[in-house]
Amino acid sequence: MARWMRRVCGVLLCIVPVVVWAQPPAVDLAPYLRQPQFQRVKISPDGDYYAVITALEDRTALAVVRASDNVPTAKVIGKRDSVVEDFWWANDERIVVSLASKRGSRDQPSSIGELHAVNADGSHPRLLASPYGARGPLDTTVQLLLEPSVYLFDTLPGDSRKVLVSAVPQTSDPNVRVERLDIYTGRRDLVAMVPVRRATFLADAQGRVRFASGANADNVQKLFYRDDDDSPWRQIDATASTARNAYALGFSDDGRVAYLQVEQPDGPDAIVFWDPVTDRYTELLRDAKVDPYGILYALDGRTPIGASFMTDRVRNRFFDNAHPTARLYRSLEPAFDGDAIRITSTSGDGRLALVSLWSDRNSGDYFLFDTVAKTGSRIFAQREWLHPADMLASREVSFAARDGRQIHGYLTVPRARPARCRWSSCRMAGRSGYSTSGPTTRTARCSQPPAMRCCA
């Protein structure tokens, strides 16, 4: 039996040669594991300040920086393992911040519905709303004392003191209320109730809540619409007559028609133009392979003008290429060598635009662009220590799955360099000129593993 096993092992050594790759040099992972120094940036309406999310050791914080000299003037910091979920300039001087929590450094943050506010100069900080109340977190066994979670969804440009929020009770199937929140006192007043639970909302430029999206106990997503504050809610046909979901994106400048993202029976979502009077849907944008990656808005931050699609890279497409903001995007794109471009915020007069740039090699830069003088300068970098020239490029790939569907993805390959490889020889005489006296180790430069070539 032992002699038979030795013979089998000898044959296996010939059929499956041992391939040993030379160990690559050690890579310092520390620069890649560091949290981004700056994560999101927005400019104040008067253009005098930047609000930026910055990473600390065990949490993220919101810092306000004076634009003229980059001096920090205010901050909002939560407890350990808290993160800044989002933030809004409610007027020239005051910023509202939403905090979330997470259990570990790589955990997905969990929204808790807690709002803070502070003036740009650091004055008048205030906890506006929290499920734990103004006293801070309560004992988790006292669930009945929890207040509603509060989420901001519109800053009401015509009102410098109030914002629109959704108040979500701490129940398993909450009936959400639309309320108007005073950003200085924290007082909330009821604005509207909606015919669907677990709802989110969209208001028009006049602050009228006209879309509500949510799901009842049947867990079927529904989209409702109304013409104004006094009109009844009605369900959108795109969701009432089919199993498709539809998502409200915004309104036209005059508020008469709306933009929706609608799921299709087959393939990616479409962005459509919807007329509430005629109930007519007109398809505006749809990609053959991917859903919209992000919605692009005019400089007012409210009117949809197009969408980004991530294919071979992030590409921006517009409903009307003659739109002033579309022309601004097109004028910026050639200057940044294929980076994804997104205008994150603007000053109230539209002159100063904060532009976010990123790509497979650029981890994120923020430029301030003067739309009148046509000049720009970089003001923040997410990871200053990572230079794009040192990063590896990715490329789009696709392949057919067993069911015939195309799978799309991205591939990053090591920088091309000669690899040193070793492989053991066969233990059989007369094959490929190798000797039977013992394994012979060869070292060679090769572009691919020499597997299965030992007995060629």
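# Hairpins, a core and some rings

Q: What do β23 and β24 form, and how many residues sit between them?
A: In this predicted model, β23 and β24 make a hairpin, with three residues between the two strands.

Q: How do you know that β23 and β24 count as paired, and which way do they run?
A: Pairing takes at least two bridges between two strands. Strand β23 (residues 304–310) is joined to β24 by five bridges, and the two run antiparallel. The bar is at least two, so five bridges make them a pair. As one example, Gly306 has Phe318 in β24 as its bridge partner.

Q: What makes one face of β24 the covered one, and which residues are on it?
A: Take residues 314–318 in order: Val314, Asn316 and Phe318 belong to the covered face, while Arg315 and Arg317 belong to the uncovered one. In a regular strand, side chains alternate between the two faces of the sheet.

Q: Why is Asp58 called partly exposed rather than buried?
A: Buried needs a relative accessible area under 20%, and exposed needs one over 50%. Asp58 comes out at 21%, so partly exposed is the right label.

Q: Where does Asp58 sit, and which residues does it touch?
A: Asp58 is in the loop between β3 (49–55) and β4 (60–66). Leaving out residues up to four places away in sequence, Asp58 touches Arg80, Asp81 and Ser82. Ser82 is 24 residues from Asp58 along the chain, yet their C-alpha atoms are 7.9 Å apart.

Q: What makes Tyr225 and Trp274 an aromatic pair, and of which kind?
A: Two rings pair if their centres lie within 6.5 Å, and planes over 60 degrees apart count as edge-to-face. By this rule the model has 13 aromatic pairs. For Tyr225 and Trp274 the centres are 5.1 Å apart and the planes are at 90°, so this one is an edge-to-face pair. Tyr225 belongs to strand β16 (residues 221–225) and Trp274 to strand β20 (residues 270–275), so the pair ties together parts that are 49 residues apart in sequence.

Q: Why is the Trp274 and Tyr281 pair given another label, and what is it?
A: The angle decides: planes under 30 degrees apart count as stacked. Trp274 and Tyr281 have 25° between their planes, with 6.2 Å centre to centre, so the label is stacked. Ring pairs link both residues into a cluster with Phe211, Tyr225 and Phe251.

Q: How do you know whether Trp274 and Tyr281 are buried or partly exposed?
A: Set each value against the 20% cut-off. Trp274 has 0% relative accessibility, so it counts as buried. Tyr281 has 30%, so that residue is partly exposed. As for the other ring partner, Tyr225 is buried, like Trp274.

Q: What makes β26 largely enclosed by the rest of the structure?
A: Five of the seven residues in β26 are buried, so the strand earns that description.

Q: How do you know which strands pair with β26?
A: Count the bridges. β25 and β26 share six and run antiparallel, and β26 and β27 also share six and run antiparallel. At least two are needed, so both count as pairs. Thr346 stands opposite Ala353 in β26, and Leu352 has Asp370 in β27 as its bridge partner. Both pairs are hairpins too: β25 and β26 have five residues between them, with Gly350 in the turn at a positive phi of about 80°. Between β26 and β27 there are six, and Gly364 in that turn has a positive phi of about 135°.

Q: Which residues of the largest nonpolar core touch the most other members?
A: They are Leu332, Ile341 and Val355, out of 16 residues. Two or more residues come from each of α4 (324–332), β25 (340–346), β26 (352–358) and β27 (365–370). Helix α4 gives the most, four residues. Beyond residues up to four places away in sequence, Leu332 touches Ile341, Val355 and Phe369.

Q: How confident is the predictor, and where is the pLDDT below 50?
A: The chain averages a pLDDT of 82, and 81% of the residues score at least 70. Residues 7–21 are below 50, though this stretch has 23 contacts in the model beyond near neighbours in sequence. Residues 135–144 are below 50 as well, with four such contacts. Where pLDDT is low, the predicted coordinates should not be read in detail.

Note on methods. Residues are numbered from 1 along each chain as its sequence is written. Side-chain values use heavy atoms; hydrogens and water are left out. Buried means under 20% relative accessible area, exposed over 50%, partly exposed in between (1.4 Å probe, protein chains only). A nonpolar core is a set of buried Ala, Val, Leu, Ile, Met, Phe, Trp, Tyr and Cys residues joined through side-chain atoms within 4.5 Å. Contact means heavy atoms within 4.5 Å. pLDDT is the predictor's confidence in each residue, from 0 to 100. Rings of Phe, Tyr and Trp (its six-membered ring) pair if their centres lie within 6.5 Å; planes under 30 degrees apart count as stacked, over 60 as edge-to-face and the rest as tilted.
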